Amino acid sequence: MEGKEKKVSDLLQKETTRRGFLRGTAVATGSAVALATIGSLAGKSAYAQAKPPEAPKKDLMKYLFAERQNCTGCRACEYACSVFHTGVVRPSVARVHVMKYKDVIDVPVICWHCDDHPCIEACPTTPKAIQADPKHNGIILNENICLGAKCMKCQEACPAHYVRANPDTGKPLFCDMCGGDPECVKACLAQSCNPQGPCLMANKLGFGVNMAYRAVTPEQAGADLLDLTFYPNVTGKRVTPAKTAKSRKARR
Amino acid sequence: MSAPKGGCFGKILEINLSNRTYKTREVPDEVYQKAIGGNGLAAYFMTNEYKAHKDPLAEDAFIFYGPGPLNGTYCIAARTSIANMSPYTGLISHAETGAHFGNEIKWAGWDGIYVKGRAKSPVWISVVDDKVEFKDATNLWGKDTAETHEAIMKEMKDPYARTAVIGPAGENQVPIACVIVERFRAAARSGTGMLMGNKKLKGIAVRGTKAVPVVDNVRFMEVANYAKKLAVEKEAWQGIKRWGTAGLLELKHYKDGSLITKNFQTTWYPDIIKIGGEEAGRRFWKRHVACNHCPVHCLKLGVIREGRYRGMIGEGPEYESGGLLGSNLGMNDFNSMIALIEACDAYGLDNISTGGILGFTTELVEKGILKPADLDGLKPKWGDGDTYMALIRKLAYKEGKAGKLLSQGVKKMAAEVGKGSDYYAAIVKGKELAAHDPRGDKARAYSYVLGSCGGDHHEGASTRGLVIFAMLNSLSLCSFATGLVWGGENAKITVGMLNPLCGWSMTEDDYWTTGKRILTMERVFNVREGVSRKDDRLPKRLMTEKLPAGPKKGAVFTEEDTKKFQDEFYSFLGWDEKGIPTEATLKTLGLEYLIDDVAAARKEYKL
């Protein structure tokens with residue numbers, strides 16, 4: 001109970017919206033740069049050498065979030081994820097992926113780190129092969145216990161249709177939040193620029209948004225985005241110039 | 001001879017359509033060091049396997065779908081290069097396209113797909129890692145590129161598969177047919193669509209789950225990250241991120257004076273405000289789409305919101321498509337122009353050549369050389385979208401008199417029509433020019449006249465630029481996100497990435513030597529077909545007619561310019577004054593096997 005109260009008070013005192021978080025990091029980075037500049041200006045003073053400016057301490061992130069309409073389909077997130085986890089670029093084992101919907105929409109497919117963890121609930125082994133890390137909320141898979149291809153109950157249970165199998169081992173791939181500082185978010189922010197803002201974001205609080213978004217499958221999200229983006233063509237139905245010309249002729 | 005350590009697998013998927021078999025072609029590391037990949041590798045295969053005067057439509061003629069060593073790695077914006085001997089010009093030809101197709105080939109564990117033979121009935125190929133399947137495409141035959149793509153994706157049952165398909169134009173063997181990759185990107189300009197149609201190959205779908213091996217990952221990531229940072233931060237590139245290449249339409253009109261207008265009559269086209277980037281931003285674009293790992297996202301998707309094409313989702317305009325099918329045709333209705341672009345993509349036609357042919361036809365009608373009776377009663381005039389739409393359809397299906405005439409391309413049309421029409425033909429080495437008028441933008445003439453393919457805008461805008469672009473096209477890298485951003489650092493960054501990736505010990509000198517080697521291989525191939533200095537020049541109109549208006553009013557491309565460009569380029573490459581590689585150069589570049597070919601060509605063409 002006490003813990004919960006603390007959380008609420010945090011919420012009231014600090015800027016904790018997504019934008020607020022981003023602004024916060026921007027300010028922190030800016031001050032780090034300023035410090036570094038001062039250090040270099042001061043030359044080789046003993047102080048600058050003894051105490052290099054410390055990187056601002058980051059909170060561990062617990063939730064991923066995708067601003068879906070900002071995705072350009074560049075797959076920088078897949079690249080960063082697979083490089084972090086396997087050392088080389090290999091999108092087929094990335095824990096985040098970008099799905100093309102009807103060739104015109106890119107849908108980022110991520111783990112929303114649900115608070116009730118349907119995947120862990122569904123895991124039939126004892127002890128559970130998948131656990132949520134209490135510190136950073138990342139889902140950690142114990143490959144020794146996991147039953148792999150013959151089970152995949154987690155895949156069935158995931159409301160967001162996020163879980164895919166590793167093509168080598170047949171075992172499911174889970175987002176472990178890279179230990180609280182997700183690489184995909186950093187990669188997305190680095191690529192994003194005028195006029196397209198970042199798509200992937202991370203936060204230490206879920207605000208229930210994760211629970212709302214997790215109920216949407218990638219296909220539904222694609223359909224929604226298509227409707228939103230390409231009005232008046234809300235279904236993505238193809239209008240070909242040839243057919244348009246023909247049908248006009250027939251009407252005449 | 002050893003297998004590659006990293007970057008490449010040393011395996012090329014060799015498909016023979018005649019008997020529906022495939023095998024692995026082992027390629028040693030030395031060949032990659034010599035020719036890199038992509039179109040360099042294709043030039044290596046072509047000079048080795050083809051004798052002079054090869055029939056480009058012969059059964060054993062091949063198409064090479066080639067990614068480079070950097071595809072599928074952390075390097076940004078790796079693309080696909082498709083190379084073949086062009087049935088349109090009879091010369092070596094390559095086309096580059098964006099999207100994820102090339103990377104998927106690498107992730108499937110191949111360094112390229114080499115297709116030869118001719119199927120008896122229509123076929124499409126599915127490549128999933130090591131598994132290759134030949135699938136019946138009888139039902140797909142006749143469908144346009146988007147429908148084909150959709151049907152193939154449905155059958156692949158995998159939203160992450162990538163396709164390259166042809167449309168009705170390719171099936172009907174129109175020589176300007178192109179390959180459409182993932183619905184919106186085109187590898188055009190080399191007649192690959194016609195060749196695929198000739199082979200009865202409707203498309204290829206690829207899905208891969210492997211990774212490209214890297215020798216020294218730490219060092220490689222360092223350089224790759226640096227290269228990426230340059231592309232993210234380059235200030236001049238923020239405009240391309242916002243406006244795509246459509247923004248260049250206005251720029252080349254107002255500032256450079258090199259916007260193609262009405263078949264090179266002028267470069268001043270005030271109506272550009274109705275069809276250019278700003279208008280597209282105002283009434284068409286909806287989202288930005290990037291190729292893999294690219295921060296530039298230059299492709300724009302949009303939807304037409306009113307009029308007869310309401311609801312049409314399309315891409316563009318890009319500079320080339322908006323120039324050739326926009327200002328070149330005197331279009332001032334934005335929606336009609338988008339519909340023309342979309343129609344070309346759907347039929348699988350090269351936007352640039354189609355625009356060139358339509359512009360040429362319109363000018364001939366305007367000058368009274370062609371009569372509507374020669375065009376099935378159609379009378380094209382500048383800005384008449386409906387007539388152009390009808391002509392594009394006829395062109396793609398070779399329908400009627402107009403279709404048969406237009407589908408031959410400008411060179412043969414001029415020969416057939418006669419009556420001085422060749423003066424209006426804007427072609428180099430038999431291929432239509434792209435949307436940059438070389439009178440206003442003289443540097444572009446390097447690419448047009450000295451590039452291997454002829455009439456191609458994507459082969460560099462200076463002597464060194466041609467070598468850089470030869471390397472970029474062989475690495476299958478995007479010139480926007482990599483080559484042009486790196487500028488003077490091209491050699492340093494490329495070598496810096498290739499060495500730790502492949503375990504090579506290339507120096508910056510080797511970079512230039514390799515680029516020159518690729519250009520020389522391509523040149524020797526063309527020399528065998530009779531190309532020499534006399535072909536490296538712009539058409540007569542651009543050398544005599546002064547620009548009548550615009551920022552470069554009075555400019556003309558002179559004989560001295562031509563001579564200067566040629567001399568500078570030939571001496572840099574080590575070719576003689578006739579534009580033919582000398583024996584000494586061939587020996588320095590390690591191309592001894594081509595000495596006899598060059599000698600034979602010299603004898604044959606008395607050079």
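Does Phe64(B) count as buried or exposed, and how many C-beta neighbours lie inside 10 Å? In this predicted model, Phe64(B) has 25 such neighbours, so it counts as buried, the cut-off being 20 or more.

Phe64(B) belongs to strand S3 of chain B, a stretch that spans residues 63-66. In a regular strand, side chains alternate between the two faces of the sheet. Here, both faces of S3(B) turn out to be covered. Ile63(B) and Tyr65(B) are buried on one side, and Phe64(B) and Gly66(B) are buried on the other.

S3(B) also has strand partners. One of them is S4(B), residues 80-85, which runs antiparallel to S3(B) and is joined to it by four bridges; within this pairing, Gly66(B) has Ser81(B) as its bridge partner. Another is S6(B), residues 113-116, again antiparallel, with three bridges to S3(B). There, Val115(B) sits opposite Ile63(B).

Back at Phe64(B), contacts beyond four places in sequence take in Leu41(B), Ala42(B) and Phe45(B), along with Ala83(B), Asn84(B), Gly112(B) and Tyr114(B). As for Gly112(B), 48 residues away along the chain from Phe64(B), the two C-alpha atoms are 6.9 Å apart.

Then there is the meeting of the two chains. Here 37 residues of chain A are in contact with 42 residues of chain B. On the chain A side, two or more residues each come from helix H4 (76-86), strand S2 (97-101), helix H7 (183-191) and helix H10 (241-251). H10(A) gives the most, with five residues. By residue type, this side of chain A splits into 18 nonpolar, 13 polar and six charged.

Key
Residues numbered from 1 in each chain as written. Chains lettered and ligands numbered in written order. Predicted model: local features only at pLDDT ≥ 70, side-chain atom pairs only at ≥ 80, totals over all residues. Buried ≥ 20, exposed ≤ 12 C-beta atoms within 10 Å, placed from the backbone. Pairing = 2+ DSSP bridges. Contact = placed C-beta atoms within 7 Å. Nonpolar A, V, L, I, M, F, W, Y, C, P; charged D, E, K, R; others polar.
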